[in-house]
Amino acid sequence: MTAHPPIRKIRKTGRMPQSLAPPPAALGSRRVVAPSVERIRASLRFDVGTREAVGKAAIDFCGGAVDGHPALDLRQPLEWVRLDGRDLTPDDLAHRDLGAGPEARMRVLDVPIEAGSRHLLEVGYRLETPDAEGAVPIGWSSDGVKFDLWMSDLEPGRYLEMWIPAPLVHDRFALHIDLAVEGTDRPHMLLANTAGVDAEPGRRAWSLLYPAHFTALSPMLVLAPADSIEMRRSAFGLPGRSRSLGMVIARHADVDADLSAAEADLQGWLAYLAARYQPWVHGDTFWAVIWGPARGMEYDGATTASVAALEHEVFHSWFGRGVKPARASDGWIDEAYTVWSTAAHRGDLSRFASEELSLDEPAVTLYAPHPWSRHTPRESYREGARLFAGIAHLLGGPDRLRAAMADWYRSNAGNLVTTDGLGAHLKLWSGADVGPLWARYVHGRE
Ligand SMILES: [Zn+2]
């Protein structure tokens, strides 16, 4: 790192400190802070002729709760960097391990920023396969491109920051993307979980604005040649909503799936969950893109998933993206509760299992302790569901646990949730002492 004088020329905003942001991390003698991102304007251009893609982004942010070097992430090779109109170099925004391991590295701005002060960071980059575990390349074909944000909770760096600079998941920001497909006449189709999409008539350029309450794990975006996608639209009644909810369901042509059957299943699950847990906190449409591989990913009111994973991913529109993890380390909750509630196929437990859990089993760490950790442990599915079966038993049965979780959901719908908050809620709601189970099977304490 090279030294720059602290930037103090721009007035403070008086914003409240971000209680959900991780505390500052020490990097040598420097203090690294989570900034507060207000708006990201990005442009992604795909040239089908040369099979090259480029990105650029402008990030309006405020300094953190204390003075320090702000950290964001982008898993693409930077070509240029500018701060408040002044040229820096890509080395001034290099990846650093902040103590949560090299996989959870963040790009740290080599310029100290005063707490709460407003700035504009601009970057330009080549768009390649993101430098993160499990990321997939851009799908070039002779006269088209297939592109999917393809996020994952399981590996650090697998949210928006794969393609567009982004903060950690506690931070909400407005996201504007201009997207263009060049070097081909073939119309393309864009599927995204926002009503704010403007399309150019030739269907090769779009301007998208996602809701400002989104975080880095919220936006779904799928792009493919229009003639390679089958799509259905419908609308249906959802308990608790005065207006009907729209549904868009699509599949890639090479995926064998019956869209009308999947649509009926999705509508049934959505209606059931809206009745059971109440408010639908997303927009006026649910989006589903069907994939072939046995995988799925949840977004805010949306999913990209195989048919087999659809029920699990729809459940996440309540737990996971209806209430969202405040930190990546809180992400175990939604996987554990979703598996407990939906899936008999992940291990030996039945749906809504209730089974005593003694304190003799091996301790499990579902909550990664480092505040800059950025992944959901794989144990969250099986061991996490086992924990919920134990809590159901402790609370007096699965109906009691579901009622407690419904109450927790309603109190937090649309907001960020924490592991501590859920532990405190379960204790208060039931009077049962979940503390020992929590300590051993969430925090891994022997
Ligand atoms: Zn899941």
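How many bridges join β20 to β22, and do the strands run parallel or antiparallel? There are 4 bridges, and the two strands run parallel. This report looks at that pairing and at other features of a predicted model.

## Strand β22 and its partners

Strand β22 covers residues 302-305. Its partner β20 runs parallel to it. Across this pairing, V289 stands opposite T304 in β22.

β22 also pairs with strand β21, residues 296-299. This pairing is antiparallel and has 4 bridges. Here Y299 stands opposite A302. The two strands form a hairpin with 2 residues between them. In that hairpin, G301 takes a positive phi near 65°.

Which residues of β22 point the same way? A302 and T304 point one way, while T303 and A305 point the other way. All four are buried.

## The zinc site

Which residues hold the zinc ion? The protein donors are H312 and H316, each through NE2, and E335, which is listed twice through OE. They lie 2.0 to 2.6 Å from the ion. Along the chain, the donors follow the spacing H-x3-H-x18-E.

The arrangement of the 4 donor atoms is irregular, because their angles around the zinc ion run from 54 to 154°. A tetrahedral site would need all angles between 85 and 135 degrees.

Are the two histidines buried or exposed? H312 has a relative accessible area of 6%, so it is buried. H316 is buried too, at 0% relative accessibility.

## Helix α1

Helix α1 spans residues 259-277, which is 19 residues. At 1.5 Å a residue, it should span 27 Å. Its end C-alpha atoms are 26 Å apart, so the model agrees with the expected span.

Several residues of α1 are buried: L259, A262, E263, L266, Q267, L270, L273, A274 and Y277. They cover an arc of only 140° around the axis, which means they sit on the same side of α1. Why can residues spread along a helix share a side? An α-helix has 3.6 residues a turn, so residues three or four places apart point the same way.

What covers these buried residues? The cover includes strands β18, β19 and β20. It also includes helices α2, α3 and α5. Just after α1, Q278 takes a positive phi of about 75°.

## Strand β12 and its neighbours

Strand β12 covers residues 144-148. Of its 5 residues, 4 are buried, so β12 is largely enclosed by the rest of the structure.

β12 pairs with β11, residues 139-141, through 3 bridges. The two strands run antiparallel. A hairpin joins them through 2 residues. G139 stands opposite K146 in β12.

β12 also pairs with β17, residues 221-225. This pairing has 2 bridges and is antiparallel as well. Which residue of β17 is the bridge partner of F147? The partner is L223.

## Two loop residues with positive phi

Most residues other than glycine have a negative phi. R203 has a positive phi near 60°, and R203 is not a glycine. R203 lies in the loop between β15 and β16. With a relative accessible area of 36%, R203 is partly exposed.

F352 has a positive phi of about 60°, and it is not a glycine either. F352 lies in the loop between α3 and α4. Its relative accessible area is 21%, so F352 is partly exposed. The cut-off for buried is under 20%.

Definitions and conventions. Residues are numbered from 1 along each chain as its sequence is written. This is a predicted model: local features need pLDDT of at least 70, side-chain atom pairs count only at pLDDT 80 or more; totals for chains, interfaces and linings use all residues. Side-chain values use heavy atoms; hydrogens and water are left out. Donors are N, O and S atoms within 2.8 Å of the metal (3.2 Å for Na, K and Ca); water is not among the atoms, so sites may look incomplete. Four donors count as tetrahedral if all angles lie between 85 and 135 degrees; four count as square planar and six as octahedral if opposite donors are over 155 degrees apart and all others between 65 and 115; anything else is irregular. Buried means under 20% relative accessible area, exposed over 50%, partly exposed in between (1.4 Å probe, protein chains only). The expected span of a helix is 1.5 Å times one less than its number of residues. The arc is that of the directions from the helix axis to the C-beta atoms. Contact means heavy atoms within 4.5 Å. Two strands pair if DSSP finds at least two bridges between them.
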